[in-house]
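Biologist: Got a minute to go over the charged side chains in this one? Let's put it up on screen.

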Amino acid sequence: IAKTVGNNYKKIVTKEKHLYRILFLASISTLLINDLYLKYEYHNYLTGKLSDFAGLFAFPYFFSCFFPKKAKSIYFLSGFLFIFWKSEFSQPIFDFAHSYGIGVNRTVDYWDLIALLILPISYKYWKTDVKENLRPKRFFKPIIIFMSCFAFVATSLPKHIEDIPAKSEFKTDVSSEFNTVKRKLH
C-alpha cells in the first residue's frame, strides 16, 4: 500500500512541477505585461498577436496540469473555443454581457487564428518530461495559480474616449470702466 501511495504522490508531484516550468511562466508573464501595459503604450499589430500566442500557449497548458489525463482534449477544446471566440458567431454572448453592463470585448480578426500554430508546440512542451533542476517551493503554487487565472481574465479593454460638451452660455465683459465695476461690487 505504501508503494502505491508513494507512486500516486510521485505522479501528482510530477504534474505539479509543470506549473514551475520556464516557458509556461514566461508565457503568463508575457500575457500580463502585454495586456496590462504594452497594448496601452504601443498598440499595434504585434501587441495584438502577442496576447493570442501567449494566451494559447499558457491556457491549455495550465488546465492540463490539473487534468493531465484530459490534456489532448483540453488542447482541442481550447483551439475550438479560440476559433469560436474570434468569430462573429460569438457576438450574441458579447451582446448579452453588454446588456448587463459586463465589459467583455474582442476583435473579430481572422488573422488571429494564426496563433493556433502555438497549440502543438505548447502540447509538445507539456508532454516532455520535467527534469528536476531546482526543487520548487510549494508556497509559489498558489501565487502561480492566481497569477495565471488573473492573466486569463485580465485582458485589455479598449480605452473609453468620449467627447464632453464643454460649451457654456456664460459671458464676461472685460472692458468695463473702473466706476462701473465698483458700482456692481457694492
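Biologist: Is Lys49 buried or exposed?

Modeller: Quick caveat: this is a predicted model, where local features need pLDDT of at least 70, side-chain atom pairs count only at pLDDT 80 or more, and totals for chains, interfaces and linings use all residues. Residues are numbered from 1 along each chain as its sequence is written, and side-chain values use heavy atoms, with hydrogens and water left out. Buried means under 20% relative accessible area, exposed over 50%, and partly exposed in between (1.4 Å probe, protein chains only). Lys49 has a relative accessible area of 9%, so call Lys49 buried.

Biologist: Which residue does Lys49 meet in a salt bridge?

Modeller: A salt bridge here is a side-chain nitrogen of Lys or Arg within 4 Å of a carboxyl oxygen of Asp or Glu. For Lys49 the N to O distance is 3.1 Å, and the partner is Asp109.

Biologist: And how exposed is Asp109?

Modeller: Asp109 has 22% relative accessibility, so Asp109 counts as partly exposed.

Biologist: How many residues apart in sequence are the parts tied together by Asp112 and Lys86?

Modeller: Their side chains meet in a salt bridge at 2.9 Å, N to O. Asp112 lies in the loop between H5 and H6, and Lys86 in the loop between H4 and H5 (helices are DSSP runs of H or I, at least four residues, numbered from the N terminus). So the pair ties together parts that are 26 residues apart.

Biologist: What links Lys49, Asp52, Lys86, Asp109 and Asp112?

Modeller: Lys86 also meets Asp52, at 3.5 Å, N to O. Taken together, the five are linked in a network of salt bridges.

Note on methods. Helices (H or I, at least four residues) and strands (E, at least two) are DSSP runs, numbered from the N terminus.
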